[in-house]
Amino acid sequence: ENIISKEDKHAPLSDSQIAENLSSNGIKVARRTVAKYRDKLAIPPSKNRKIRWNNGYKEVPIRRLYYG
């Protein structure tokens, strides 16, 4: 949650980027493990966390609930 809360909302981190980030901090996990726990914490995938701009107006991402 800490990594995702600090990420750039215009270019959110993918599961593999989060796994690499954790790996560089000494926590070795696979991308699938990151995805599993992201789902359990009800955090949407990176494409659904991205904030887009449409003709100068901010489009807020739709929050979907994931049940795992």
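Which side chain does a polar contact of 2.9 Å join to that of R49? In this predicted model, the partner is E7, whose side chain meets that of R49 at 2.9 Å in a polar contact. R49 belongs to helix α4, which covers residues 46-49. Despite being an arginine, a residue one might look for on the outside, R49 deserves a check of its accessibility. The relative accessibility of R49 is 5%, and R49 therefore counts as buried, the cut-off being under 20%. Helix α4 takes its place in a fold with 4 helices and 2 strands. Read from the N terminus, these elements follow the order α-α-α-α-β-β.

Turning to the interior, 22% of the 68 residues of the protein count as buried. The largest nonpolar core is made up of 5 residues, namely I4, I18, A19, V34 and I43. One of these core members, A19, can be followed further through its contacts. With residues up to four places away in sequence left aside, A19 touches V29, A30, R31 and V34. V34 thus appears twice in this picture: V34 is a member of the largest nonpolar core, and V34 is also among the residues that A19 touches.

The view can then be widened to the whole chain. Among contacts between residues at least 6 apart in sequence, 35% join residues at least 24 apart. As for the surface, the protein exposes about 5,300 Å², and carbon and sulfur atoms supply 51% of that area.

Technical notes
Residues numbered from 1 in each chain as written. Predicted model: local features only at pLDDT ≥ 70, side-chain atom pairs only at ≥ 80, totals over all residues. Heavy atoms only, no water. Core = buried A, V, L, I, M, F, W, Y, C linked by side-chain atoms within 4.5 Å. Buried < 20%, exposed > 50% of the residue type's maximum accessible area, 1.4 Å probe, protein only. Contact = heavy atoms within 4.5 Å. Areas by Shrake-Rupley, 256 points an atom, 1.4 Å probe, with all protein chains shown as cover. Polar contact = N/O pair within 3.5 Å; in protein donor to acceptor, adjacent residues only side chain to side chain.
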